[in-house]
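Colleague: I am new to this structure and would like a friendly tour. Could you show me the model, please?

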Amino acid sequence: MSSSAFPAASTACSIPRSQKRHNALLLYPTSAGTGVSRSLSKSWSRSIKTKRRMEVKCRGIGDFIGGDLLKFDLGQWLSDVEEHKSIAIYPPHEGGYEGRYLNRLRYQGYHFLDLSARGLGDPETTLTKIHPVCPAHVGKQPIARWYYPPEVDYRLSLLPPGSKGLVVWILEAKVLSKAELQFLALLPTLRPNVRVIAECGNWRKFVWKPLKEISGLTAEDGSGT
C-alpha cells in the first residue's frame with residue numbers, strides 16, 4: 001500500500017527535525033545533551049528537597065547512646081520500692097526494659113518469685129495458705145487432689161542468711177480484680193521481708209506507681225491493717 005493513499009495522515013504526524021532532536025536528547029542524553037539532562041535533574045531534585053525537608057533534633061544524650069541503655073531513675077526506683085514495698089509497673093509493649101530494674105533489685109540482695117496472674121487462683125490462698133491443686137487426669141486417671149505449701153512462706157524459708165528479702169513479681173497483673181490487687185498491696189504488711197512488683201499494664205516508657213494507689217487503697221488504710 002502506497003503512502004500517497006493517506007496524505008493527510010502523513011502531514012499530520014510529521015514532527016519537525018528540531019523537535020525530534022530535543023526529544024532524543026531527553027530520552028538518550030549524549031555528549032551534546034548532557035547539559036540539558038543535568039539541568040532538568042537538578043531542578044527536579046531541588047524541588048523534591050524543598051518539599052521533603054527532614055530535620056534531625058537531638059534532645060538529650062539518650063539520642064546518641066540509646067534510651068534503653070541510659071536509665072537515671074534507678075535510684076528513685078530503689079527508694080520507691082523500699083518506701084511503698086508494693087509497686088505497679090507499666091513497661092513498654094516490646095518488653096526488655098523491666099530487666100534492668102529487676103537486676104538492680106537483685107544486686108541489692110533480693111531473691112525473686114515469678115508468677116503469672118493467669119491461673120494464679122486466689123492470691124491469698126496461693127501465696128499465704130496451704131492450697132489444693134487438682135492435676136489434669138486426661139480422662140484416664142482418677143481425679144486426685146494434691147496440697148502445696150504457701151508459695152511465699154515456702155520461698156522465705158529457703159532464703160540464704162545474707163538475703164535482703166523476697167520479691168514477688170506478678171506478670172499480667174492487669175487481669176486481676178481490685179480486691180486481688182488490694183491483697184497484693186497489703187502483702188508486705190503481712191510478710192515484712194516481701195516486696196511485690198505487679199505488671200498492671202503497658203506504657204510508652206517504663207513507669208511505676210504505688211500499688212496501693214492503683215488498687216484504691218490510701219496510706220491510712222494500708223497502715224491501719
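Modeller: Gladly, and let us start with a term: a salt bridge is a side-chain nitrogen of Lys or Arg within 4 Å of a carboxyl oxygen of Asp or Glu. Please keep in mind that this is a predicted model, where local features need pLDDT of at least 70 and side-chain atom pairs count only at pLDDT 80 or more, while totals for chains, interfaces and linings use all residues. Residues are numbered from 1 along each chain as its sequence is written, and side-chain values use heavy atoms, with hydrogens and water left out.

Colleague: Which residue forms a salt bridge with arginine 118?

Modeller: Helices (H or I, at least four residues) and strands (E, at least two) are DSSP runs, numbered from the N terminus. Arginine 118 sits in the loop between β2 and α7 (123-128), and its partner in the loop between β5 and α9 (178-190), so the pair ties together parts that are 54 residues apart in sequence. The closest N and O atoms are 3.2 Å apart, and the partner is glutamate 172.

Colleague: Is arginine 118 buried or exposed?

Modeller: Buried means under 20% relative accessible area, exposed over 50%, and partly exposed in between (1.4 Å probe, protein chains only). Glutamate 172, at 33%, counts as partly exposed. Arginine 118 has a relative accessible area of 51%, so this residue is exposed.

Colleague: How many salt bridges does a search of the whole structure find?

Modeller: One of them joins glutamate 82 to lysine 164, with the closest N and O atoms 3.5 Å apart. That pair links distant parts of the chain, since glutamate 82 is in helix α5 and lysine 164 in the loop between α8 and β5, 82 residues apart. Lysine 129 also forms a salt bridge with glutamate 124, at 3.8 Å between the closest N and O atoms. For the whole structure, the search finds five.

Colleague: Which residue is linked with Glu82 and Lys164 in a network of salt bridges?

Modeller: Both of the residues you name are partly exposed: glutamate 82 at 29% relative accessibility and lysine 164 at 40%. The third member of their network is Arg195.

Colleague: Why are the buried residues of α6 on the same side of the helix?

Modeller: The buried residues of helix α6 (residues 98-107) are Glu98, Tyr101, Leu102 and Leu105. An α-helix has 3.6 residues a turn, so residues three or four places apart point the same way. Taking the directions from the helix axis to the C-beta atoms, the buried residues of α6 share a side because they cover an arc of only 100 degrees.

Colleague: Which elements do the buried residues of α6 pack against?

Modeller: Contact here means heavy atoms within 4.5 Å. By that criterion, the buried residues of α6 pack against α5 (74-84), β2 (110-116), β5 (165-171), β6 (194-199) and β7 (207-210).

Colleague: Which residue has a side-chain polar atom 3.3 Å from the backbone oxygen of glycine 109?

Modeller: Glycine 109 follows α6 and has a positive phi, near 110 degrees. The residue you are after is found in the loop between α8 (151-157) and β5, and counts as buried at 18% relative accessibility. Leaving aside neighbours within four places in sequence, this residue is in contact with Gly109 and His111. The polar atom at 3.3 Å belongs to the side chain of serine 163.

Methods
A polar contact is a pair of N or O atoms within 3.5 Å; within protein, one must be able to donate a hydrogen and the other to accept it, and residues adjacent in sequence count only if both atoms are side-chain atoms.
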